[in-house]
Amino acid sequence: MKLFRLLVVLSIIPLACSTGRIATAIVPGELWKDNRGIHINAHGGGMLFRKGVYYWYGEHKDETSNEANVGINCYSSRDLVNWKFEGVVLPVVTDNDSSDITKGCIMERPKVVYNEKTQKYVLWFHLELKGQGYKAARVAMAVSDSPTGTFEYVRSYRPNAGIYPLNFTQEQKADTLTLSDIPKSERQQLRSAVENGLYVRRDLAGGQMSRDMTIFVDDNKKAYHIFASEENQTLQIAELSDDYQSHNGRYMRILVGKHNEAPTILKRNGKYFLITSDCTGWAPNAARMAVADSLFGTWTELGNPCVGENANLTFQSQGTYIQKVEGKKDLYIFMADRWTPKKPIDGRYIWLPILFENGIPVLKWYNKWDIKGAKY
Ligand code: DGJ
């Protein structure tokens, strides 16, 4: 167990805390204080590495509500352990109730990518319109010249309106079955209708539903939006335009009817691994994993990547992003949230190193671990 030489290192390294000492260890589930001594408020987050700095973007959550009352926060760090608050990089709108991002909307799972051609930072997130629960199911986008914002809000929509997925058959296009044709008691019939594209057709004109999401930039610099669609029954993976600011119409349904949320992805040795969750609201469930040789290729399910105690609950968390550690050959961090819906601001961060056993990702619990000491 190469990784665990690092535990020895840990036992002699002082932990960061309110004493003001520099932190060196990741301590999943504890309070993580920023440069001001305040617990980091960046839930459902994503990360961007740029010019030696990691930028962590996440949902600001308040004491009692999961609605967006502030906006999207950003923190920066050179070592992934000591974080400086960079501010609210996309604030909610407080003086215009008709804005998509008016205070009280829902902004979730922000992800930022840098576009080399335009030299712009592009922020994508899941948006729900104020007062509509999770009905709108939109993706939203904002742009900035700097990683620390302020981002300019551009638009929100449901992706790929009027366009069928690339793997939709002629028969599926021609099918005329609708939801109202299926009696409520016929669960099996509904299931196969959903697999057969019931919701894709229903939502064709207005665009596909888009909830939990991530953005992935491949080695060839093409960017992809991976999102829970079709009433959370099916993931879709959609190519973005060259400037990363819109969808270009090429998309696929993957893990059809498999009910996945919280998509996270990594690429290693030419293989893509998706780690996702089941859909159980804020309550944790067992993670799932799938592998493919190409993003639009066939995805093969591999089961739960977690092992050990609490593996069936993803160690009481739900994934949000996978970040590769720069300068380490093989160190990827699985970033997850331990949600606390009654007091959302208190949500904790579960970051774990991804181990590879026979080339397959494995997640194990560590009370604390050290990025510098990790032998990768
Ligand atoms: C689980 C999702 O992963 C979260 O981002 C959030 O949408 C909650 N469901 C809401 O219940």
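Analyst: A polar contact is a pair of N or O atoms within 3.5 Å; within protein, one must be able to donate a hydrogen and the other to accept it, and residues adjacent in sequence count only if both atoms are side-chain atoms. This is a predicted model, where local features need pLDDT of at least 70, side-chain atom pairs count only at pLDDT 80 or more, and totals for chains, interfaces and linings use all residues. Residues are numbered from 1 along each chain as its sequence is written, and side-chain values use heavy atoms, with hydrogens and water left out.

User: Which residue offers a polar side-chain atom 2.6 Å from an oxygen atom of the ligand?

Analyst: Let's start with the surroundings, meaning residues with a heavy atom within 4 Å of the ligand. They are Arg-109, Tyr-134, Asp-212, Glu-261, Gly-281, Trp-282, Gln-318 and Glu-108. The side chain with a polar atom 2.6 Å from a ligand oxygen belongs to Glu-108.

User: How far is an oxygen atom of the ligand from the side chain of Asp-212?

Analyst: Asp-212 is one of the residues around the ligand. An N or O atom in the Asp-212 side chain and a ligand oxygen are separated by 2.4 Å.

User: How much of the ligand does the protein bury?

Analyst: A backbone atom takes part here too: an N or O of Gly-281 sits 3.3 Å from a nitrogen atom of the ligand. Alone, the ligand would expose 290 Å² (Shrake-Rupley method, 1.4 Å probe). Of that area, the protein buries 90%.

User: Which strands stand at the edges of the sheet ordered 14-15-16-17?

Analyst: Strands here are DSSP runs of E with at least two residues, numbered from the N terminus, and two of them pair if DSSP finds at least two bridges between them. This open sheet has four strands with antiparallel pairing. Each edge strand has a single partner, so one side of it is left without a neighbour in the sheet; these are strand 14 (261–268) and strand 17 (300–303).

User: Which residue of strand 17 does Ala-290 stand opposite?

Analyst: Strand 16 (residues 288–292) runs antiparallel to strand 17, and three bridges join them. Across from Ala-290 is Glu-301.

User: Is Thr-276 buried or exposed?

Analyst: Thr-276 is part of strand 15 (residues 271–277), and its side chain makes a polar contact of 2.6 Å with the side chain of Asn-260. The scale calls a residue buried under 20% relative accessible area, exposed over 50% and partly exposed in between. Because its relative accessibility is 5%, Thr-276 counts as buried.

User: How many residues of strand 7 are buried?

Analyst: Strand 7 (residues 120–128) has antiparallel partners: eight bridges pair strand 6 (residues 106–115) with strand 7, and seven bridges join strand 7 to strand 8 (residues 138–144). Among the facing residues are Tyr-114 and Tyr-121, as well as Leu-123 and Ala-142. Strand 7 is mostly covered, and of its nine residues the buried ones number eight.

User: Which residue takes a positive phi in the hairpin of strand 6 and strand 7?

Analyst: This hairpin has four residues between its strands. The residue with a positive phi near 60° is Gln-119.

User: How far apart in space are Tyr-153 and Asp-100?

Analyst: Tyr-153 lies in strand 9 (residues 152–157), and its relative accessible area of 21% makes it partly exposed. In sequence, Tyr-153 and Asp-100 are 53 residues apart. C-alpha to C-alpha, their distance in space is 9.3 Å.

User: What is the bridge partner of Leu-355 in strand 21?

Analyst: Strand 21 belongs to an open sheet with the order 18-19-20-21 and antiparallel pairing. Four bridges join strand 20 (residues 348–357) to strand 21. The partner of Leu-355 is Val-362.

Note on methods. Buried means under 20% relative accessible area, exposed over 50%, partly exposed in between (1.4 Å probe, protein chains only).
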